[in-house]
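The following exercises concern the reading of a protein fold. Study the sequence and the structure, attempt each task, and then compare your reasoning with the solution.

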Amino acid sequence: AMVIAGHVVKRLANGSTPAEMARMYGVIPGASPDGRLEIMRNSALGPVLEQAAFTTKVGEATTPIRTSMGAVVLKVAAFEKGASPELDKVQLDAIVVPYTQDSFALQSVLET
């Protein structure tokens, strides 16, 4: 999954759209079918994805991030400064390359 997610980053850099990649691989929970998501600080995504989202420049993609659901690539679309840091918002595209297509196997590993 991490290798494939690395290819996703390269394809994004070479002109593929995040929506194409999202349809091909998948999206994280809470994202639209094309992968679009808006988050604020202290989001349900957790600190690793949140930090990546808030430290990546607009228009750039992150390197693959290992998560429990698979390898995630975020591409930041917009940043909106809030009245305080807690109210900052990031619009991003979130593509996930699952470790396996077998949901039962994945659930079994997560429960273990």
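**Exercise 1. Secondary structure**

Task: Determine how many helices and strands the chain has, and in what order the elements run.

Solution: The model is a predicted one. Its chain contains four helices and four strands. Read from the N terminus, the order is α-α-β-α-β-β-β-α.

**Exercise 2. Overall dimensions**

Task: Determine why the radius of gyration of the chain agrees with that of a compact globule.

Solution: Begin with the chain length, which is 112 residues. For this length, a compact globule would have a radius of gyration near 13 Å. The chain has 14 Å, so the value agrees with the expectation. Along the principal axes, the C-alpha atoms fill a box of roughly 45 × 35 × 20 Å. Finally, consider the contacts between residues with a separation of 6 or more: 50% of them join residues 24 or more positions apart.

**Exercise 3. Interior and surface**

Task: State what share of the residues is buried and what share of the exposed area carbon and sulfur atoms supply.

Solution: Of the 112 residues, 36% are buried. The chain exposes about 6500 Å², and 56% of this area comes from carbon and sulfur atoms.

**Exercise 4. The nonpolar cores**

Task: Identify which residues of the largest nonpolar core touch the most other members, and which elements each supply at least two of its residues.

Solution: A general principle comes first: in soluble globular proteins, nonpolar side chains tend to be buried together. The largest nonpolar core here has 16 residues, of which Ile28, Ile39, Leu74, Val90 and Leu92 touch the most other members. At least two residues of this core come from each of β1 (36-40), α3 (47-55), β3 (70-80) and β4 (89-98). Leaving aside residues up to four places away in sequence, Ile28 touches Leu37, Leu45, Met69, Val72, Ala94 and Val96. There is also a second, separate core of nine residues, among them Val8, Leu12, Ala22 and Val97.

**Exercise 5. Helix α3**

Task: List which residues of α3 are buried, and find what covers them.

Solution: The buried residues of α3 are Leu49, Glu50, Ala52, Ala53 and Phe54. Their cover includes β1, β2 (65-66), β3 and β4.

**Exercise 6. Asn42**

Task: Decide whether Asn42 is buried or exposed, and locate its place in the chain.

Solution: Asn42 lies in the loop between β1 and α3. Its phi is positive, at about 60°, although Asn42 is not a glycine. The cut-off for an exposed residue is over 50% relative accessible area. Asn42 has 69% relative accessibility and therefore counts as exposed.

How values were computed. Residues are numbered from 1 along each chain as its sequence is written. This is a predicted model: local features need pLDDT of at least 70, side-chain atom pairs count only at pLDDT 80 or more; totals for chains, interfaces and linings use all residues. Side-chain values use heavy atoms; hydrogens and water are left out. The radius of gyration is taken over C-alpha atoms; the globule rule is 2.2 Å times the number of residues to the power 0.38. Buried means under 20% relative accessible area, exposed over 50%, partly exposed in between (1.4 Å probe, protein chains only). Contact means heavy atoms within 4.5 Å. Accessible areas come from the Shrake-Rupley method with a 1.4 Å probe; for residues, only the protein chains shown count as cover. A nonpolar core is a set of buried Ala, Val, Leu, Ile, Met, Phe, Trp, Tyr and Cys residues joined through side-chain atoms within 4.5 Å.
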